[in-house]
Amino acid sequence: MRDRVLRELADGPVPVPELAATLGITPAAVREHVEALRVAGVDIAAGEGGHELRATPAYGPAVGAGLDGFEVAFHDSLDSTNRRARDLATRGRENVVVLAAEQTGGRGRLDREWVSPRGGVWLSILLRPSVPPADAPVYTLAAAVAVTRAVRELGVDAVIKWPNDVLVDGRKLAGVLTETARDGDGLAWLVVGVGLNANIDPGDLPGDRPTTLRAECGDVDRFPLVRRLLGEFRRLARDTGAVLPAWRAHADTLGRRVRVATGDRTLVGEAVGVTFPGALELDTGDGVETVAAGDCEHLRPAETS
Ligand code: BT5
């Protein structure tokens, strides 16, 4: 609800009774939300025409103000938001989003380095969904969809490479790292880490072909971007049946010739489908193989091995 109050105030000025009627709550409840937002650092003006958001808050602790469903912990600097979220998980916490302005020890999959200077979006979402551990990959796909939708709103032509990369013209804009722990046969917790290169020069990043929002569309306001991303993710996490159709709609891998390296083997074939919770179906010519996890490379049509 507080997020909706914030959105209405952004279109303000709006008198409290009108806002209360729009949102279906009492004027007293509106005033409580406004006060809580102010305490969180959001600059709300009260004038003759009603209340209004004076300026979009800076990217900082206020990014979590009133975000439905998540408690947000913003840090100026952390080694890794995933590491911090794992610590919170072992202390029994849930529905927390850890954000950092910079990471000094960011990690990709297989303990690879993830370079995370100031200007980017580095965050980890800690959840405890009541699902079997095998379902965890669907949350990785959900995060890739959430990032893709949020940046497409900015006019960036982002697509998803299976399983977790968000690309623009073959260049990597964002990656997702999901970590889990079991509790007996169930899932104890799930940490979904998202690294999105926002207001950064691509030359400051490693990797094959990195890109950034700065390069694709110019510097962006990360406050609404992160809130949009988290809102999309929350919707999908609550309705995981919606994840695969959304993922397919943005996928660049399906229909392509790909090479997939799993722990012990490398497969080449045409990516023909993705099945719940996120496995890739590969037509190798000798039948269709289902690959649960791996590093995927898109091949040009002539490249076959
Ligand atoms: C990923 O790994 O793509 C997952 C990245 C997840 C990062 C987030 S940031 C918030 C949270 N906290 C963490 O500590 N991690 C998560 P992978 O597919 O393994 O890609 C890693 C490879 O990408 C590296 O080996 C580099 O070659 C390259 N790389 C490193 N930093 C990059 C960057 N900022 N942009 C693009 N490529 C990068």
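The exercises below deal with a predicted model of a protein with a ligand.

**Exercise 1.** State which residues come nearest to the ligand, and describe the shell by class.

Solution.
- Step 1: The ligand has 27 residues around it.
- Step 2: Of these, Ser 80, Arg 107, Arg 112, Lys 172 and Asn 197 come nearest.
- Step 3: Sorted by class, the shell holds 12 polar, 9 nonpolar and 6 charged residues.

**Exercise 2.** Find which helix and strands each supply at least two residues of the shell around the ligand, and which element gives the most.

Solution.
- Step 1: The helix is H4 (81-90).
- Step 2: The strands are E5 (121-127), E8 (171-183) and E9 (186-196).
- Step 3: E8 gives the most to this shell, namely 4 residues.

**Exercise 3.** Examine polar atoms of Thr 81, Arg 109 and Arg 112 beside the ligand, then say how much of the ligand the protein covers.

Solution.
- Step 1: Thr 81 has a polar side-chain atom 3.1 Å from a ligand nitrogen atom.
- Step 2: For Arg 109, a polar backbone atom is 2.9 Å from an oxygen atom of the ligand.
- Step 3: In the side chain of Arg 112, an N or O atom lies 2.5 Å from an oxygen atom of the ligand.
- Step 4: On its own the ligand has 800 Å² of accessible area, and the protein covers 91% of this.
- Step 5: The ligand takes up the space of the largest pocket.

**Exercise 4.** Locate the two partners of the salt bridge between Glu 102 and Arg 118.

Solution.
- Step 1: The whole structure has 23 salt bridges.
- Step 2: In the bridge between Glu 102 and Arg 118, the closest N and O atoms are 3.6 Å apart, and the cut-off is 4 Å.
- Step 3: Glu 102 belongs to strand E4 (residues 96-103), while Arg 118 is in the loop between E4 and E5.
- Step 4: The partners are 16 residues apart, and the pair links distant parts of the chain.

Definitions and conventions
Residues are numbered from 1 along each chain as its sequence is written. This is a predicted model: local features need pLDDT of at least 70, side-chain atom pairs count only at pLDDT 80 or more; totals for chains, interfaces and linings use all residues. Side-chain values use heavy atoms; hydrogens and water are left out. A residue is near a molecule or strand if one of its heavy atoms lies within 4 Å of it. A polar contact is a pair of N or O atoms within 3.5 Å; within protein, one must be able to donate a hydrogen and the other to accept it, and residues adjacent in sequence count only if both atoms are side-chain atoms. Accessible areas come from the Shrake-Rupley method with a 1.4 Å probe; for residues, only the protein chains shown count as cover. On a 1 Å grid over the protein atoms alone, a cavity is a set of points where a 1.4 Å probe fits but cannot get out, and a pocket is an open set with protein on both sides within 12 Å along at least five of seven lines; lining residues have an atom within 4 Å of a point. A molecule sits in a cavity or pocket if more than half of its atoms lie within 2 Å of its grid points. Ala, Val, Leu, Ile, Met, Phe, Trp, Tyr, Cys and Pro count as nonpolar, Asp, Glu, Lys and Arg as charged, and the others, Gly among them, as polar. A salt bridge is a side-chain nitrogen of Lys or Arg within 4 Å of a carboxyl oxygen of Asp or Glu.
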